[in-house]
Every structure is written in C-alpha cells, then in structure tokens.
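Dear colleague,

I am writing to hand over a structure for your study. Please look through it first, and then read the notes placed beneath it.

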There are 2 protein chains.
Amino acid sequence: MANVSIRDVARHAGVSVGTVSNVLNRPDAVSAESASRVQAAIEALGYVRNEAARTLRAGVSATVGFVVLDGQNPFFYDVVRGAEDEASRHGIAILYGATDGDVQRERTYLDLFEEQQVRGLLVAPYGDVNRRLEQLRERGIRSVLVDRFSGENAFSSVSVDNVAGGRMAVEHLVATGRRRVAFVGGPFEMRQTTDRLAGARVAVESADVPVEIEVVATSAMSVAEGVAAGERILRRPPGDRPDALFAVNDLVALGLLQSLVSDRRVMVPEEIAIIGFDDISFAAAAAVPLSSMRQPSRTIGTTALRVLLEEAADPDLVPRQTVFQPELVVRRSTAVDA
Amino acid sequence: MANVSIRDVARHAGVSVGTVSNVLNRPDAVSAESASRVQAAIEALGYVRNEAARTLRAGVSATVGFVVLDGQNPFFYDVVRGAEDEASRHGIAILYGATDGDVQRERTYLDLFEEQQVRGLLVAPYGDVNRRLEQLRERGIRSVLVDRFSGENAFSSVSVDNVAGGRMAVEHLVATGRRRVAFVGGPFEMRQTTDRLAGARVAVESADVPVEIEVVATSAMSVAEGVAAGERILRRPPGDRPDALFAVNDLVALGLLQSLVSDRRVMVPEEIAIIGFDDISFAAAAAVPLSSMRQPSRTIGTTALRVLLEEAADPDLVPRQTVFQPELVVRRSTAVDA
DNA sequence: AACACCGCTTGAAACGTTTCATGTCGTTCA
DNA sequence: TGAACGACATGAAACGTTTCAAGCGGTGTT
C-alpha cells in the first residue's frame, strides 16, 4: 500500500524533485552522480510513476483508444495485435472497446475514451461516427480510421484496396475456368462490400471470355449468414447454380463452405469454387482450405498506430490515406485441378 | 481545443467549483436550482470530465487491465466481451494486452497497467506471474485470475471445472461406443491441460467397459499443432489408431479435424470421433461440426470483472474461487450413428 | 580582471478534480 | 426571543507530476 512519490525519491536521494523528474525524462540534463543516486533511491523505494499525474500535467494520456466494429472477426484481433506491438514500443497502452455494430455502444466508448484523455483513437467504424469524430478532433483528439478508406480526406485512414482485391479474386476465378460467379455479401451500406463487389464487376467486364456475375446478399458478415446464403444457393437446381462464390469475407466464406460440403451435397472446388477475403487463420484450417485475399492485418494495425501518434504529436499534419494491396492466397477451395 | 474545466462551468453557472463537483458526484446534496444551472452550463460549454485529475485525486483510475495469454483463441474474445459489458455498466474502460505467451510482454503490460493506476487486473496468465501479482496486491492492486483456478487461494479466480469437463467429454465418447481414446494437447505445464487429462482418466477408469487411453502431446494449443498431431496419428497403420480424439481445446480439435478429413483419408466421425473444448463459434462452423465442451465464456468475463470490482471496493474481502460447470455440446464429429 | 557562458540544481507554479471544515441562511422548537 | 438544527454553498488544500525561471559555481575568452 506504500504509495511512493517523486518527492519521497527526492528526499531519499538528497536531491530536489525537479532533478528526479529530469532523471526520468531527460537523463542527459543531469549529472551521472545525481542520476545514479536517484536510480538507487527508485530501486530502494520501489517507485512507480503515476501516470494520472503525468497525464493531468500534460493534458494527454499515454493511452490510445481502439474502437472495433466487429469483435467476432479474427481479422481484427490481428489488427489490434499489430497496434499493440507498436504501442508498447512507445510505452502506450490500448483502451479496447468492441461495439459489435451497436451504435449506442460506439458512442459510450467514445465518451469514455475522451474522458480518459486518450492521445488518439483508432476506429473501425460501423455507424456514421464522422460528426462525433470531428467534434473530438476540434477538442484535440485525432482519429485514424482502420479498414475503411476515408473518402473525404477528413481523417487519416489505413486500409486495403478493396476494389483491387475484388478484381484479383474474380480474375483468379476466371483464370481457373469459372464462368458463373456469385458475389456473396452485405450489408451494402458498408464500403467494404460495395468496393469488393465493384472490383469483382471490373474483373468480369474486362475478362476475355463471357462471365456472368450475380449478387447473393447477406445482412451481415458472419458465418451464420454465410450458411444461410449457402442454403439458398443449394435450393436452386444444380444447373442453375454458380460455379464460383466470392465471399465478402472469410466468415461468410466459411459459412458457405460448411453448408455446401455438409452431407457431401456439393464438391468444393470441383463443382463450386469458393474464395474469401481477409485470410484469417481459420481460412487455412478449414476442411477444404480456403483461398482468400490476404490483408496485411498486423501491418495495418502497426501503421495505423504510427500514423496516429505522428498526428497527435504534430496537429498540423494533414490527413493521409494509407492503402495496402491485398494478396491472393490460393488454396484447395479454388484449386484448378482437383 | 477548448479545454473546459469544472472552474469554467462554475463561473458560467455562477456557483462554486465545489457545487459543480457535487452536482456531478452527489446530486442529492445540491438544490434543484443549482443543479439545473450547472447542467445548463455543462451543456453550453461542452464540459467533459477529466479522468486524469479525478484519478490523481482518488488514487485509482476508472480502468481495469486485462492481460490475455492467448490472443489467437476466440474463446478469450468472448471472455473479454463479457468483461466489457460489465465494465461499461460501471463506466469503466478496459486496458487490453495480449501476450501470446511472451513472458517479457506479460511483464511489460503489468508495469504499464500499474503506472496507469488501474483499479484491478484480470489475468489469464501464461508464465508464473504469481510473485508479481502478489507485489501488486501489496501496493493495492487486486487481481482476478481468469480461466485458471488459483489453487493456493492467493487470488480470486473465475474458471471452469476442467476435470469435470474432461470426464464428461470422455464419458460421452465411451457412451457412444468408443474404446480407444487419445487425449491430444499440451503443454503440460498448463493447468488446463493436466486437469482435462485427469478428468479424462477418471472417465476411463470408472467406465463399465475396458477403455484404453493414450496421450498425444502437443507443444501448444494451436490449429497448427493440431494438424501436426493429426499427421502423426495418420502415419500409424489404421489398426493401430485410436477411435476417438479428445482435444485440449477447439483450436487443436480443428487442426486434427482438418488433417484427418483432408483428402478423405479418414471418415469423421465414422472411423474416428473428435471432441474439443471451449465451444468457440468456429467449432459449429467446421466442415464436420465439432462436438465440444462449452465454457460460459461471456459469463466468465462478466463474473471476473464483477468480482474484481467488489474486491477493489473492499480490500478486506478474502479471495474466492468461482467455478462454472462446462456443458457437453454434441455435434456431428461425435455423432453416434453417422 | 571582467564577462559570458555552460552544466547542473532548485523550488514554486500549474494541471483539474474531490473533499471537508467552515459559513450562511431560514426554519423549528422550547 | 433565542437556540438549535438542517440544507446548501463555499473555497482552500491536496493528489503527483512536469516545466521553467532563477541561481550557483566553474571555465574559457577577451
């Protein structure tokens, strides 16, 4: 229960509090003699820095808030993990909040984090939080959007080129002989959905051969929705089914896969090929290992945090959009000869 | 950039700072008249409480640290989510740190969280952190162990009865006709592993029929290790293989499943049944839906947080161990007639 | 010899909150 | 009428840190 302050350390070392603070924060402004005495005192007393006082004085804390839309998607765990890596390199802790699409919850977290004087926010948004984020910026709290391109250049963002990803996915399907593609995903309010579909359409239109594309809409990006979509497709007569499915993300793709292969109703990839998006670790672990468009998830996290810290340090920096290219990972679910 | 303080609010409302503070913290000690004037001023100025100052004054912050061992396991996301639910009910934010088995990292987070004056710690530990946690308790920071029973009654803990879970899993396998069971898991330094195996042994010994049990050790609880273990089993001649696998958790089980069913080498469950532990959402979504021992993961999270807050509020409370019972969830991977 | 400068130390002020002893009314009761 | 009390309001003190103007020797320059 011993709460040791900088003052106690100073007394024990026979120096002033200013000197102790300098040892901690600007070691070169202090003599070696003082430094070692202070260090010894710190050891002896078990001094631990009080971040609250430091924050109060500085007006900003050593924390960053991370508001995650979809706490069920392993993709975001990797992003968070990447952010953590970079954060701990700077002695910064992460305040974590999963909203699972609950707009009220999203607001609650933003309020909470503002009170905590966070240095900035990483936001993988669901609802339209732009207004609130703008308000926060006026009050000195910067935000970086994660996994969502910020069109209006209002905020920095770190994301992947979803249009290119959609194009590459469908190009791959076409190159492996598929001619009837279905895009499975939703909701269409989400930019990820529309961008990936737009890319798919580009691939279809620029193909050398005639390719059909249809849309099978889901109301969420979840395994359950994938299963439901799969059942709907299976209800159609075999001749009327697509020969390839491009899912908006891996959760949906895994759901599709499960419904197609269960009871051996459809051979994957022989009859229907499936490709997903994100390349979460479970994609490789599926019964039929899943082809996917890999996002550099961890890098997205580290980059987002780095951008955020840079902007927090220099408020004059203009927002910048960082866009990574996705990478095609081919596995059994789209194997050409299987 | 307007940083509005309680003082500004007081001036604007024509009252003292003490009154403003009272409006915020003990509304009944203040006249309706003052209260409404203060509320109006808060609205007008856009006042946001400064948690740092509050923390400095109180000596403890409105945050709780959550140190998670295995950031790859979806099980923990649910636990975290449960903790979040309870936390936001109390206006508390969660500082999140995934260590992925890195002991150094575990230490770093504990240091960071101590500096943040967290109200307490939820710890799903890997290394032997007991000493450090004891030190923290002496300094007034309580910890609650999550997913790990604290034998020595040194700390409170919230976990599941792993022995019972192991027993129930193997009883189920025996009841569905299996006679050669392999326990697949590790490392054996982890209590989860040894407890679940111990339960499995109990089931074997108390069975009415002769049942064999063997151990296939893995070096981690990951999908990759599950795949590797599966390959090892497949290398044995068919007559020398177990007819049922009890995996230490679902990640390992999914790995086993993948290696067994890929290329149609083994029929699951006809030739070999598989059961996992945790019942993560991907268990149901596997190609052969996976039977599993369900943990009440979200409840574990909310309970752990509640226990932690109670202990933080009353330092005299003695540690208590909360143990939930796991629940058998039967799916195709152990179906009796398939 | 006078001066400027450098390296280092010092201690007070300030950050925004909560708490608490003190004060000021107005009401009730004897 | 005076005393006692209750309901609020007040403002200073304290929490632990960082910063910064000021000070102090000692060294180098002119």
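The notes below describe how the two protein chains meet and how they approach one of the DNA strands.

Please keep in mind that this is a predicted model.

**The contact between chain A and chain B**

How many residues does each chain bring to the contact? Chain A gives 59 residues and chain B gives 58. Between them, about 4800 Å² of area is buried, and carbon and sulfur atoms account for 55% of this area.

Charged and polar side chains also take part. Six salt bridges are found across the interface of the two chains. One salt bridge links Arg81(B) with Asp100(A), where the N to O distance is 2.1 Å. In addition, 14 residue pairs are in polar contact across the interface of chain B and chain A.

On the side of chain B that touches chain A, the elements that give two or more residues are α4 (51-58), α5 (74-89), β2 (93-98), α6 (103-115), α11 (250-261) and α12 (281-284) of chain B. Of these, α5(B) makes the largest contribution, with eight residues. Sorted by class, this side of chain B holds 30 nonpolar, 13 polar and 15 charged residues.

The chains are joined through strands as well. Strand β2 of chain A, residues 93-98, runs antiparallel to β2(B), and three bridges connect the two. Which residue of β2(B) is the bridge partner of Leu95(A)? The partner is Leu95(B).

**The surroundings of DNA strand D**

DNA strand D is surrounded by 21 residues, and the closest come from both chains: Ile6(A), Tyr47(A) and Arg57(A), together with Ser31(B) and Ser34(B). Helices α1 (6-13), α2 (17-25) and α4 (51-58) of chain A each supply at least two residues of this surface, as do α2 (17-25) and α4 of chain B. The surface near the strand comprises six nonpolar, 10 polar and five charged residues.

Which parts of the strand lie within 4 Å of the protein? Of the strand's atoms within that distance, 64% belong to sugar or phosphate, and the rest belong to bases.

Three side chains of chain A illustrate both kinds of approach. An N or O atom in the side chain of Ser21(A) is 3.0 Å from a phosphate oxygen of DNA strand D. For the side chain of Arg54(A), the corresponding distance to a phosphate oxygen is 3.5 Å. The side chain of Arg57(A), by contrast, has an N or O atom 2.4 Å from a base oxygen of the strand.

Yours sincerely

How values were computed. Residues numbered from 1 in each chain as written. Chains lettered and ligands numbered in written order. Predicted model: local features only at pLDDT ≥ 70, side-chain atom pairs only at ≥ 80, totals over all residues. Heavy atoms only, no water. Contact = heavy atoms within 4.5 Å. Buried area = accessible area lost by both parts, 1.4 Å probe. Salt bridge = Lys/Arg side-chain N within 4 Å of Asp/Glu carboxyl O. Polar contact = N/O pair within 3.5 Å; in protein donor to acceptor, adjacent residues only side chain to side chain. Helix = DSSP H or I, 4+ residues; strand = E, 2+ residues; numbered from the N terminus. Nonpolar A, V, L, I, M, F, W, Y, C, P; charged D, E, K, R; others polar. Pairing = 2+ DSSP bridges. Near = heavy atom within 4 Å.
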